[in-house]
Amino acid sequence: MTNNYDGSWELYVVTDGKSADWPEHFFRRVAPMPTLDERAQVLATLGFKLAADAEWEWQELRNGPMDRVELLASADVHPVGGAQ
């Protein structure tokens, strides 16, 4: 999950395919940050769930010529019905 160039939130699942084909969801808001429940619901809609004992890990990245801060969160996921 990341905040886009305009500050709105996007959740996407990195797969073996091209990035243009990754499952994604745009929350279309800057605040508040999507809750754990909202993220879980979106993952389920995309056909995924958090891995057992997975936790969201956050990174703060500096990006671009204006040194804009971007937040990036990641967590291990599995396809719904897939291996844990």
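Me: What percentage of the 84 residues in the protein chain is buried?
Reply: This is a predicted model, and a residue is taken as buried when its relative accessible area is under 20%. By that cut-off, among the 84 residues of the protein chain, the buried ones make up 25%.

Me: How much area does the protein chain expose, and what percentage of it do carbon and sulfur atoms supply?
Reply: The exposed area of the protein chain comes to about 5,800 Å². Of this area, the part supplied by carbon and sulfur atoms is 52%.

Me: In what order do the elements of the protein chain run from the N terminus?
Reply: The secondary structure consists of one helix and seven strands. Read from the N terminus on, the order of these elements is β-β-β-α-β-β-β-β.

Me: Which elements give two or more residues to the lining of the largest pocket?
Reply: The largest pocket holds about 240 Å³ of space. Its lining is made up of 13 residues, and those closest to the pocket centre are Y12, V13, V14, A75 and V77. The elements that contribute two or more residues to this lining are β2 (9–12) and β6 (68–74).

Me: How far apart do the centres of the positive and negative side chains lie?
Reply: Lys and Arg are counted as positive and Asp and Glu as negative, which gives the protein chain 7 positive and 14 negative side chains. The centres of these two sets are separated by 5 Å.

Definitions and conventions
Residues are numbered from 1 along each chain as its sequence is written. This is a predicted model: local features need pLDDT of at least 70, side-chain atom pairs count only at pLDDT 80 or more; totals for chains, interfaces and linings use all residues. Side-chain values use heavy atoms; hydrogens and water are left out. Helices (H or I, at least four residues) and strands (E, at least two) are DSSP runs, numbered from the N terminus. Buried means under 20% relative accessible area, exposed over 50%, partly exposed in between (1.4 Å probe, protein chains only). Accessible areas come from the Shrake-Rupley method with a 1.4 Å probe; for residues, only the protein chains shown count as cover. The place of a charge is taken as NZ of Lys, CZ of Arg, CG of Asp or CD of Glu. On a 1 Å grid over the protein atoms alone, a cavity is a set of points where a 1.4 Å probe fits but cannot get out, and a pocket is an open set with protein on both sides within 12 Å along at least five of seven lines; lining residues have an atom within 4 Å of a point. Grid points are joined across faces, edges and corners, and a volume is the space filled by probe spheres set on the points.
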